[in-house]
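Here is a short tour for anyone meeting this structure for the first time. Have a look at it, then read on.

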Amino acid sequence: MRPRLVDWSLLTLVLFEALSGLYSFLLGRPENGWWFVLHGAGGLALVLLLVWKLRRVWRRLVDRRHWDAATSASAAALAAVLLVLLSGVVWTAFQWPLGYPNGLNWHVVFGLALTVFVLLHTLARFKPLRRADFAS
């Protein structure tokens with residue numbers, strides 16, 4: 001996939017995950033269980049796109065001499081996405097930690113942080129999609 005298509009797909013997926021997570025957190029009911037499955041599938045898709053993205057930007061990410069504000073937002077987004085995925089898997093599989101704040105609360109907080117960092121990164125490095133980005 002072309003870099004811009006990966007970037008825009010990541011943005012779209014993060015926004016979808018934020019909205020579907022918000023919906024399931026506020027209005028989810030057992031009869032709408034398919035929504036939770038869709039949210040989880042989006043998380044798995046996020047992992048696949050993240051692998052594509054990291055293969056392209058890893059060298060720039062680890063070489064701090066070339067960092068700017070957008071790179072800082074990228075590093076924060078990477079940390080947030082790892083925390084979102086980890087907290088989502090741990091909460092779904094083990095319902096841990098219990099009490100307050102529980103694993104779901106942490107998942108929501110990390111998800112909101114991820115959304116903010118991805119939007120900041122997008123604003124700093126905005127490149128519109130072109131027809132050529134869909135050609136390959």
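## How H3 and H4 cross

H3 and H4 cross in a left-handed way. Their axes come within 8 Å of each other, and the crossing angle is roughly 155°. Since angles over 145 degrees count as roughly antiparallel, that makes H3 roughly antiparallel to H4. Keep in mind that all of this comes from a predicted model.

## H1 against H4

H4 also packs against H1, this time at an angle of about 150° and with the axes 10 Å apart. H1 and H4 are therefore roughly antiparallel to each other as well, and their crossing is left-handed. From the H1 side, the contact is made by Leu11, Val14, Leu15, Ala18 and Phe25. H4 brings Leu104, Asn105, Val108, Leu114, Thr115, Val118, Leu119 and Thr122.

## The chain as a whole

Stepping back, what is the chain built from, helices or strands? There are four helices and zero strands, so reading from the N terminus the elements simply go α-α-α-α. The C-alpha atoms fit a box of roughly 45 × 35 × 20 Å, taken along the principal axes.

The chain has 136 residues, and 33% of them count as buried. Take the contacts with a separation of 6 or more: 68% of these are between residues 24 or more positions apart.

## The nonpolar core

In soluble globular proteins, nonpolar side chains tend to be buried together. Here, the largest nonpolar core has 17 residues. Leu10, Val14, Leu46, Leu78, Val81, Leu114 and Val118 are the ones with the most contacts inside it. Which elements give two or more residues to this core? They are helix H1 (3-27), helix H2 (33-62), helix H3 (69-94) and helix H4 (103-124).

Leucine 114 is a nice one to click on. Setting aside neighbours within four places in sequence, leucine 114 is in contact with Val14, Ala77, Ala80, Val81 and Val84. Among these partners, Val14 also turns up on the H1 side of the contact between H1 and H4.

## A buried histidine

Now for a histidine in helix H4: residue 107. Is histidine 107 buried or exposed? Its relative accessibility is 18%, and because the cut-off for buried is under 20%, histidine 107 counts as buried.

Who are the neighbours? Not counting residues up to four places away in sequence, histidine 107 touches His39, Val84, Ser87 and Gly88. With one of them, serine 87, there is a polar contact of 3.2 Å between the side chains. Val84 is shared ground: histidine 107 touches Val84, and leucine 114 is in contact with Val84 too.

## The loop between H3 and H4

The loop between H3 and H4 is worth a slow look. Glutamine 95 is found there, with phi near 55°, a positive value in a residue other than glycine. At 40% relative accessibility, glutamine 95 counts as partly exposed.

Proline 97 sits in this loop, and the peptide bond leading to proline 97 from tryptophan 96 is cis, with omega near -5°. Further along, tyrosine 100 and proline 101 are joined by a cis peptide bond, with omega about -5°. Proline 101 has its place in the loop between H3 and H4 too.

Technical notes:
Residues numbered from 1 in each chain as written. Predicted model: local features only at pLDDT ≥ 70, side-chain atom pairs only at ≥ 80, totals over all residues. Heavy atoms only, no water. Core = buried A, V, L, I, M, F, W, Y, C linked by side-chain atoms within 4.5 Å. Buried < 20%, exposed > 50% of the residue type's maximum accessible area, 1.4 Å probe, protein only. Contact = heavy atoms within 4.5 Å. Polar contact = N/O pair within 3.5 Å; in protein donor to acceptor, adjacent residues only side chain to side chain. Axes fitted to C-alpha atoms, helices over the stretch in contact; angles between N-to-C directions. Parallel < 35°, antiparallel > 145°, perpendicular 65-115°, else oblique. Left-handed = near helix turned anticlockwise from the far one by under 90°.
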